[in-house]
Amino acid sequence: LASEPGARMMPLIDPAGRQTGWALRTAQGGVLLYLQTPPPPGRVYQAWLILPEGRKSLGLSPTRLLEITPPPPEGSRIGVSVEPPGGSPGPTTPSVGQVRL
């Protein structure tokens, strides 16, 4: 997918400026997030669309890979937090990574 013409790979960056994973915008417009480490035991990663009025959940994953469907518009900001199983209505931990698509 990453080698397809038109696909873009972007780093996920934590608040300290460290790369924690990657976001892949596929040539077809899909979005995949890959975190360098799995979530802690008993927790999940939750992806968020970051909007001026707050955060909107984009999905959960108990693994390092999150597929965002439907994909958000170009230019959107996405963040990832660590949450309890089943997710949360809003982030309860600091972001482990953010990216602007």
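The following paragraphs describe the nonpolar core, the salt bridges and several individual residues of a predicted model.

The largest nonpolar core comprises 17 residues, and those with the most contacts inside it are L33, A47, L66, I68, I78, V99 and L101. Two or more residues of this core are supplied by each of the strands β1 (8–13), β3 (31–35), β4 (44–51), β6 (65–68) and β7. In soluble globular proteins, nonpolar side chains tend to be buried together. Around L33, when neighbours within four places in sequence are left aside, the contacts are with W22, A23, A47, R64, L65, L66, I68, I78 and V80.

One of these contact partners of L33, L65, is placed in strand β6 and counts as partly exposed, with a relative accessibility of 46%. Because a nonpolar core is built from buried residues and L65 is partly exposed at 46%, L65 does not meet the condition for core membership. L65 instead takes part in a nonpolar surface patch of about 380 Å², which is made together with M9, W22 and Y34.

The count of salt bridges in the model comes to three. In one of them, the side chains of R8 and E74 meet with an N to O distance of 2.8 Å; this pair links distant parts of the chain, since R8 belongs to strand β1 whereas E74 lies in the loop between β6 and β7, 66 residues apart. The side chains of E74 and R25 likewise meet in a salt bridge, here at 3.6 Å from N to O, and this pair also links distant parts of the chain, with R25 located in strand β2 (residues 19–25) and 49 residues separating it from E74. R8, R25 and E74 are accordingly linked in a network of salt bridges. The two arginines of this network are not equally covered: R8 is partly exposed, with a relative accessible area of 33%, while R25 counts as buried at 8%. A further salt bridge joins the side chains of R18 and D14 at 2.9 Å, N to O; in this pair R18 is exposed, with a relative accessible area of 54%, whereas D14 is buried, with a relative accessible area of 10%.

The loop between β6 and β7, which holds E74, also contains P72 and S76. P72 counts as buried, because its relative accessibility of 6% falls under the 20% limit. Residues up to four places away in sequence not being counted, P72 touches R25, V31, L49, I78 and L101, and among these I78 and L101 are listed with the residues that have the most contacts inside the core. The C-alpha atoms of P72 and G90, which are 18 residues apart in sequence, are separated by 18 Å in space. S76 is likewise buried, with a relative accessibility of 11%, and a polar atom of the side chain of S76 lies 2.6 Å from the backbone oxygen of P73. With residues up to four places away in sequence again excluded, S76 touches L49, V99, R100 and L101; L49 and L101 thus appear among the contacts of P72 and also among those of S76.

A second loop residue, S95, is found between β7 (77–83) and β8 (97–100). S95 is buried, because its relative accessible area of 18% lies under the 20% cut-off. The side chain of S95 reaches the backbone oxygen of V80 at 3.5 Å, and a polar atom of this side chain lies 2.9 Å from the backbone oxygen of G97. When neighbours within four places in sequence are left aside, S95 is in contact with D14, P15, G79 and V80; of these, D14 is the residue that forms the salt bridge with R18, and V80 is also in contact with L33.

R55, in contrast to these buried residues, counts as partly exposed, with a relative accessibility of 41%, and is placed in strand β5 (residues 54–61). Not counting residues up to four places away in sequence, R55 touches W48, L49, I50 and P91. L49 is therefore a contact of R55 as well as of P72 and S76. The C-alpha atoms of R55 and P15, which are 40 residues apart along the chain, are separated by 17 Å.

Technical notes: Residues are numbered from 1 along each chain as its sequence is written. This is a predicted model: local features need pLDDT of at least 70, side-chain atom pairs count only at pLDDT 80 or more; totals for chains, interfaces and linings use all residues. Side-chain values use heavy atoms; hydrogens and water are left out. Helices (H or I, at least four residues) and strands (E, at least two) are DSSP runs, numbered from the N terminus. Buried means under 20% relative accessible area, exposed over 50%, partly exposed in between (1.4 Å probe, protein chains only). A polar contact is a pair of N or O atoms within 3.5 Å; within protein, one must be able to donate a hydrogen and the other to accept it, and residues adjacent in sequence count only if both atoms are side-chain atoms. Contact means heavy atoms within 4.5 Å. A nonpolar core is a set of buried Ala, Val, Leu, Ile, Met, Phe, Trp, Tyr and Cys residues joined through side-chain atoms within 4.5 Å. Patches are made of residues with over 30% relative accessible area and no salt bridge: like charges are joined within 9 Å, nonpolar side chains (Val, Leu, Ile, Met, Phe, Trp, Tyr) within 5 Å. Accessible areas come from the Shrake-Rupley method with a 1.4 Å probe; for residues, only the protein chains shown count as cover. A salt bridge is a side-chain nitrogen of Lys or Arg within 4 Å of a carboxyl oxygen of Asp or Glu.
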